[in-house]
Amino acid sequence: FFASVEMAPGDPILGLTETYLADTRPGKINLGVGIYVDEQGHVPLLRTVHEVELGLASAAKPRGYLPIDGLPAYNQLTQQLLFGAGSPLLEAGRVATAQTIGGSAALRVGADLLRQVAGAGAKIAISNPSWGNHHVVFRTAGFELLEYRYYDPSSHGLDLAGMLEDLGKLEPGTVVLLHACCHNPTGVDLDAVQWQQVIALLQERKLLPFIDIAYQGFDQGIAADATAIRLLAASGIEAFVVANSYSKSFSLYGERVGALSMVGADRDEAARLLSKIKQTIRTNYSSPAAHGASLVAGVLGSSELRGRWEQELGEMRTRIHAMRAGLVERLAAHGAPDFGFIQGQAGMFSYSGLSKAQVLRLREEHAIYALDSGRICVAALNRANLDTVAAAVAAVTR
Ligand code: PMP
């Protein structure tokens, strides 16, 4: 039955972690990870999350199914976090939101539904580069993949002119996948003025924006990191889609908490969209898991806990900023070429500009692991390893 099944290719990031774990050299450092770790190198358990969890455990509630579209309070609070409390879109009932199994399922459910609406000629444009799962999720859902220019290796920044030129050539109806903030893998984001330019073009060319927001609060804060969503909402664009994840902002990776929000032209359209989202979920995994969503809803639903959660989020953000500044300073102290651009990048990741050969030397000569693309996870840095990393990077780039 299964004799003809071939081995599927492994995940390159997880493969790197396996090599790292097998490395017996003391003092090895893994900058290839995709999660936030604290100063001690641990995935944090947020105090606010823990508090809600203790309350849930002592309440000893039975474990029935959630509705197909998830916990109602979670969906409502998610809408407020993304669009802003009092958003006219929410007041008009134009947003259909369903809890999903992480941001990944939000992308997949959205992809399946859009493919159904667009039919056989469905196309999506993805930034070059982007998170690897974007390509496979939309390809598997039946989309033709296109790319738009995004990262400019010479400036280590945004290629806005290239981006606008490529988006301007897309056929009307093409879906455009955009990272709201903390672009994975480059760390290069658009500012508000650049978003306005991109949004005007999306509107003019009748393109469908699909926003992926997996790091809300990791760069500037809740509202500022949702600038793309808030500007889209204010632009008058009739339809757009948002996939969000709480994996990072609540440090709830394994609980798989995310949501899909689809904005329609009016209340009636949103109701039809929600019915289709539910149908897509029903035929995939039936309904989402309860625990993580109860934790998020418990925190966001209490103004006191929400305030303290924002402080905890702020602590993670501040540490990331400090590590960026520290790395740039230490690199300069070790006589490396100018890496000042790292401080201008946002979120957990940085396209360091290191070549594949330099990444390989870091691994072989210094037991420091980064992705072949040069992507490093800034959150994997801490005061204890910063200087070692900087000295090694300086050695392979001099
Ligand atoms: N989008 C991007 C850009 C991501 O980096 C990630 C997580 N690596 C996700 C979506 C998915 O997040 P989740 O773990 O919640 O599925």
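Helix α3 (residues 72-83) lies across β2, β9 (240-245) and β10, running at about 110° to β2; helices (H or I, at least four residues) and strands (E, at least two) are DSSP runs numbered from the N terminus, and angles run from 0 to 180 degrees between N-to-C directions, with axes fitted as lines to C-alpha atoms, for helices over the stretch in contact. The model is a predicted one, in which local features need pLDDT of at least 70 and side-chain atom pairs count only at pLDDT 80 or more, while totals for chains, interfaces and linings use all residues. Residues are numbered from 1 along each chain as its sequence is written.

The strands beneath this description belong to an open sheet of seven strands with mixed pairing, in the order β2-β10-β9-β8-β7-β3-β4. Because β2 (95-101) and β4 (144-149) stand at the edges with a single partner strand each, one side of each is left without a neighbour in the sheet. Neighbouring strands are turned against each other by 25° on average, direction ignored. The partner of β2 is β10 (residues 257-263), and the two pair in the antiparallel sense over seven bridges, where pairing requires that DSSP finds at least two bridges between the strands. Within this pair, T100 stands opposite G258 in β10.

G258 also belongs to the surroundings of the ligand, together with G34, G102, G103, S104, W131, H179, N184, D212, A214, S245 and S247; a residue is near a molecule if its C-beta atom, placed from the backbone, lies within 6 Å of it. Helix α5 (residues 102-118) gives the largest share of this shell, three residues. By class, the shell has two nonpolar, nine polar and one charged residues, with Ala, Val, Leu, Ile, Met, Phe, Trp, Tyr, Cys and Pro counted as nonpolar, Asp, Glu, Lys and Arg as charged, and the others, Gly among them, as polar.

S104, named in the ligand shell, is also one of the residues through which α5 meets another helix: S104, L107, R108 and A111 in α5 meet N133, V137 and F138 in α6, contact being defined by C-beta atoms, placed from the backbone, within 7 Å. This contact has four nonpolar, two polar and one charged residues. The axes of α5 and α6 (residues 132-140) are 9 Å apart, and the helices pack at an angle of about 35°.

On the scale of the chain, the domain assignment, automatic or from a database, gives domain 1 (12-45 + 310-397) and domain 2 (56-304). Their contact takes 21 residues from domain 1 and 21 residues from domain 2.

Conventions: Two residues are in contact if their C-beta atoms, placed from the backbone, lie within 7 Å.
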